[in-house]
Amino acid sequence: MAKKKSKKTVKKAKIAARKPVRKTAKATKAVKRPAAAKKSNGLPKPSSKPFGLDGKALQGVRILDFTHVQSGPTCTQLLAWFGADVIKVERPGIGDITRGQLRDVPNADSLYFTMLNHNKRSITIDSKHPQGKRVLDELIKSCDVLVENFAPGALDRMGLTWDHIHKTNPRMIVASVKGFGPGPYEDCKVYENVAQCTGGSASTTGFRDGPPLVTGAQIGDSGTGLHLALGIVTALFQRTRTGRGQKVLCAMQDGVLNLARVKLRDQQRLKHGPLTEYSQYGEGIPFGDATPRAGNDSGGGQPGRILMCKGAPDDPNAYIYFITQAPVWEAICDVIGEPGWKTDPEYATPKARLPKLNQIFGRIEQWTMTKNKFEAMEILNKYDIPCGPILSMKELAEDQSLRKTGTVVEVEHPTRGKYLSVGNPIKLSDSVTEVKRSPLLGEHTDEILSDVLKLSAKTIAEIKASGALSAPEKKDKAA
Ligand code: CAO
């Protein structure tokens, strides 16, 4: 609660906020359950409420969200979907730079921003202003996790070193995304495609005779955000035992390499001979000393390809991914009209087929080209032949089953109207996700200062007057 007796604005804010009171139960105190719950074996009694009606998984966890652009916001959005109170700290007047990037509706937050910042609250604080620093310190005392993805050193330059944070709140978990881990590149700034290139994805994506390629899936940004979210909940779990916070670091290079681990597997297999499931093996092209680009070949031991369907190549997405899984080889032969291949020793075994993949997939494609991708999928599924149509973003946006599961959601926004977003892809039966629109810049500044820090209206007004929460006034152009 705000203390009315203090006189000096700055000190008052500090004192008033010293002991913030949590509104919700602390998940961090999960080990200390009410006495009634300890009667049997010390574990909480199973809830008697129906699934989905006993709060959310991360209810009571409060996140101080210093993230921007994509990698960090992906992580904190997930935590918010699981019920954490995510307080996004933004630079006054500017906010997360993505608010204004790739804008489609004038003067409205971009889809880039809105689709990565659902279920969060926004407060504007100038972290370099002395009073702003004090407010931040109070927030550090009131939060469980600080998440950031600034360029290396930026958090330290704000005075928010690990030592300072840990001293201010020993339970605080400090989670960071950086481009690289410790090493020669640790000071470098990194964006998505840089991570794809330095993490082994680009060198192994594309066709052998073409340049390295980056993928459309944001494995560097969103992939690392996912890794970080797991690191955070793991650290929260450990804290229930140790009572102390820790640093969590996810380097984007590491995250991409983790996702590309099968290619490091292939790198080592090269020492023992050619990679027989790669098309170039059948084409008689020798392998070099590094994992090559494999086009659309499957990475595992079940050869697959993208094949044309009716409408291709005029329709850029009239294709299907077709896997010649060994257990269903006989069914494949029947479907494509080559029953003789079931017993012909040249085709009957996976090993015999490997050098002839181009020819085999050419024959299968003759069949897929007689069907559209959905017809082909329907027929192949009857025989349990693993396959998947190449779905365009238009088709995914219109897919009713994805709408039903909440994987694609329609969200209402006050300045941009309705828009589509990807909802929570991780479904928990007892922690159901409600997707709420992203916050406007500084929308919850007052609310956070009063509800979280328990500051009085007078104190809030004084902090505001100090300029710590607002952008510096623009100088008169004539001056
Ligand atoms: N108040 C005052 N200053 C603030 C502030 C606030 N609320 N929030 C941010 N700033 C300041 C920072 O302190 C920093 O200032 P200094 O450089 O003077 O210390 C400045 O804003 C810019 O921060 P930045 O260097 O992180 O931002 P950038 O746009 O120059 O770089 C990026 C962006 C993404 C390349 C860099 O942040 C980065 O490498 N992050 C780590 C890797 C990462 O997450 N990349 C994925 C990005 S998504 O594709």
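Around the ligand, helix 2 (71-81), helix 5 (154-157) and strand 5 (173-178) each put at least two residues into the shell. Helices here are DSSP runs of H or I with at least four residues, strands are runs of E with at least two, and both are numbered from the N terminus. The model is a predicted one, in which local features need pLDDT of at least 70 and side-chain atom pairs count only at pLDDT 80 or more, while totals for chains, interfaces and linings use all residues. Residue numbers start from 1 along each chain as its sequence is written. In total, 24 residues surround the ligand, and the closest are Val-69, Asn-149, Phe-150, Ala-151 and Lys-189; a residue is near the ligand if its C-beta atom, placed from the backbone, lies within 6 Å of it. By class, the shell has 10 nonpolar, six polar and eight charged residues, with Ala, Val, Leu, Ile, Met, Phe, Trp, Tyr, Cys and Pro taken as nonpolar, Asp, Glu, Lys and Arg as charged, and the others, Gly among them, as polar.

Zooming out, the protein has 19 helices and 11 strands, and its C-alpha trace spans about 95 × 70 × 45 Å along the principal axes. Of the 479 residues, 37% are buried, meaning that 20 or more other C-beta atoms lie within 10 Å of the residue's own.

The largest nonpolar core (buried Ala, Val, Leu, Ile, Met, Phe, Trp, Tyr and Cys residues joined through C-beta atoms within 7 Å) has 59 residues, and Val-145 is one of those that touch the most other members. Helix 8 (residues 221-242) gives this core its largest share, six residues. Beyond its neighbours within four places in sequence, Val-145 is in contact with Val-61, Ile-63, Leu-64, Ile-173, Ala-175 and Ile-232, where contact means C-beta atoms, placed from the backbone, within 7 Å. Another core, of 16 residues, lies apart from it and includes Phe-322 and Ile-360.

Then there is an open sheet of three strands, ordered 7-8-9 with antiparallel pairing; strands pair if DSSP finds at least two bridges between them. Strand 7 (304-308) and strand 9 (387-389) are the edges, each pairing on one side only. Five bridges join strand 7 to strand 8 (residues 319-323), and Arg-305 has Phe-322 in strand 8 as its bridge partner. Helix 14 (residues 357-368) packs on the sheet, touching strand 7 and strand 8, at about 40 degrees to the direction of strand 7; axes are lines fitted to C-alpha atoms, for helices over the stretch in contact, with angles from 0 to 180 degrees between N-to-C directions.

Notes:
Contact = placed C-beta atoms within 7 Å. Buried ≥ 20, exposed ≤ 12 C-beta atoms within 10 Å, placed from the backbone.
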